[in-house]
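User: Please take a close look at the salt bridges in this protein and tell me what lies around them. I'm new to this, so keep it friendly and go one step at a time.

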Amino acid sequence: MTTLLIAALLVILISALCSGTEAALFSVPIMKVRQMADEQCDVTKRKLGTKSLLIIREKMSRPISMIVIVNNIANIGGTTIVTLLAKEIYSSLLVGVISGSLTFMVIIFAEIIPKTIGEKHNLKISLFMAKPVLFLTKILTPFIWLVELLTRPFTGKDRLVLSTDEREIRYMAQLGEEEGVIEADELEMLHGVFQLNDMDARALMTPRISLTCIDGDVSIKSVIDEVIGTQHSRIVVIGESRDDVVCVVLKSSLLIAMIKGQGEDKVKLHGYEPVEVLHEMKADSILPIFQKSRQHLAIVRDEFGGVDGVITLEDIIEELTGEIVDETDMDEDMREAAAS
């Protein structure tokens with residue numbers, strides 16, 4: 001009787017461990033495990049099992065095969081042993097009752113409950129069981145090879161697949177905002193980051209119709225009223241036409257020149273050569289150009305070499321933070337103002 005009870009308990013215990021571990025390993029996010037491994041570079045701070053868990057999650061097929069093999073050995077072999085032990089003690093009727101009761105207990109206590117607990121406490125259980133799983137996987141490698149050989153015609157070879165993509169990250173961020181983990185403004189900024197490589201210069205620029213352009217060969221004092229009246233801090237200086245950009249000059253530079261008595265100077269003497277980008281360039285490609293050149297404005301050229309408009313560092317940042325308006329802006333959105 002004691003042997004029978006011990007055998008039944010072992011069947012349930014081993015099956016429960018396998019079921020709970022399998023559920024935990026499948027439900028723990030691989031990105032969470034990678035984050036833990038990256039953050040815990042210091043061995044003294046690393047949680048026990050993190051490295052082993054990362055190895056398992058990056059290639060799940062063999063550890064899961066091991067768990068399935070052990071689970072089936074416990075269920076099938078253990079149930080058979082319990083049935084044989086029961087035959088030696090009880091009648092055929094009671095043997096059937098014991099076998100049926102064991103099957104019911106395996107379903108409840110070795111499948112449903114352990115899998116539920118495994119999913120609920122996936123990280124703790126995965127970390128605790130990672131090293132034993134790897135150890136048993138090495139021991140049972142010959143059996144696993146045999147299983148892989150038999151199943152390969154149906155499953156094919158393992159293929160490396162991306163663990164996540166932009167759409168999944170967006171969805172996870174949306175869930176985080178709904179659950180209060182991510183603030184609404186953080187979610188909006190995250191969406192803006194992903195939009196940078198989707199939006200080109202033409203979509204973000206201030207069109208040429210809204211630009212403040214002045215002739216580079218005229219004196220500063222002759223255009224000072226126009227300079228004072230513009231809301232732009234950077235002014236495009238042109239030559240014979242609007243497509244002939246000579247330089248860009250800061251409004252403040254012209255005002256300082258007037259104060260210093262340099263009003264007779266030509267406008268172009270106080271400007272600098274701007275960077276230029278094509279209108280189809282994406283915002284995330286333009287941002288490094290601003291960083292390298294240490295300029296905040298670029299001339300946008302169309303496919304024929306004409307000036308389409310200008311794009312500023314502020315235009316790109318606004319895609320992350322929303323519209324930025326200062327005291328001098330008469331129009332909140334220059335693109336909308338130009339279209340109206």
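Analyst: First, the term itself: a salt bridge is counted when a side-chain nitrogen of Lys or Arg lies within 4 Å of a carboxyl oxygen of Asp or Glu. Keep in mind that you're looking at a predicted model. With that rule, the structure holds seven salt bridges, and I'll walk you through some of them.

Let's start with lysine 268 and aspartate 217, whose closest N and O atoms are 2.8 Å apart. These two come from distant parts of the chain: lysine 268 sits in the loop between helix H12 (251-259) and E5, while aspartate 217 belongs to the loop between E2 and helix H11 (224-229), with 51 residues separating them in sequence. Are they buried or exposed? Lysine 268 has a relative accessible area of 35%, so it counts as partly exposed. Aspartate 217 is at 44%, so it is partly exposed too.

Now find arginine 208 and aspartate 243, whose side chains meet in another salt bridge, 2.9 Å from N to O. Once more, distant parts of the chain are linked: arginine 208 is in the loop between E1 and strand E2 (213-215), aspartate 243 is in the loop between strand E3 (234-238) and strand E4 (245-250), and they are 35 residues apart. The relative accessibility is 30% for arginine 208, which makes it partly exposed. For aspartate 243 the value is 33%, so that residue is partly exposed as well.

The pair to spend some time on is arginine 202 with aspartate 308, where the closest N and O atoms are 2.7 Å apart. Arginine 202 lies in helix H10 (residues 201-204) and aspartate 308 in strand E7, so this salt bridge ties together parts that are 106 residues apart in sequence. How do its two ends compare with the cut-offs? Buried means under 20% relative accessible area. Aspartate 308 has 15%, so it is buried, whereas arginine 202, at 39%, counts as partly exposed.

Aspartate 308 also leads us to a sheet, so let's follow E7. An open sheet of four strands runs in the order E1-E7-E6-E5, with mixed pairing. Its edges are strand E1 (206-207) and strand E5 (275-278), each of which pairs on one side only.

Where does mixed pairing show up? Look at E1 and strand E7 (residues 307-312): they pair in the antiparallel sense over two bridges. Threonine 206 has valine 310 in E7 as its bridge partner. Now compare E5 and strand E6 (residues 297-301), which pair in the parallel sense over four bridges. There, glutamate 276 stands opposite isoleucine 299 in E6.

E5 has a nice pattern to trace by eye. Its side chains alternate: Val275 and Val277 point to one face and are buried, but Glu276 and Leu278 point to the other face and are not.

Let's step back for some context. The protein chain has 15 helices and seven strands, and 38% of its 340 residues are buried. Links between distant parts also show up in the contacts: among those between residues at least 6 apart in sequence, 66% join residues at least 24 apart. Nonpolar side chains tend to be buried together in soluble globular proteins. Here, the largest nonpolar core has 23 residues, and Leu25, Leu53, Ile56, Met66, Ile67, Leu123 and Val133 touch the most other members. Helices H1, H2, H3, H4 and H6 each supply at least two residues of this core, with the largest share, six residues, coming from H6. A second, separate core has 14 residues, including Leu196, Val300, Ile311 and Leu313.

Finally, look at the outside. The accessible surface of the chain comes to about 20800 Å², and 61% of it belongs to carbon and sulfur atoms. One nonpolar patch on the surface is formed by Phe104, Met105, Ile107, Phe109, Ile112, Ile113 and Ile117, with about 640 Å² of accessible area together. Isoleucine 107 has its place in helix H5 (residues 92-120), and its relative accessibility of 42% makes it partly exposed.

Notes: Residues numbered from 1 in each chain as written. Predicted model: local features only at pLDDT ≥ 70, side-chain atom pairs only at ≥ 80, totals over all residues. Heavy atoms only, no water. Core = buried A, V, L, I, M, F, W, Y, C linked by side-chain atoms within 4.5 Å. Buried < 20%, exposed > 50% of the residue type's maximum accessible area, 1.4 Å probe, protein only. Patch = residues over 30% accessible without salt bridge, like charges linked within 9 Å, V, L, I, M, F, W, Y side chains within 5 Å. Areas by Shrake-Rupley, 256 points an atom, 1.4 Å probe, with all protein chains shown as cover. Contact = heavy atoms within 4.5 Å. Pairing = 2+ DSSP bridges.
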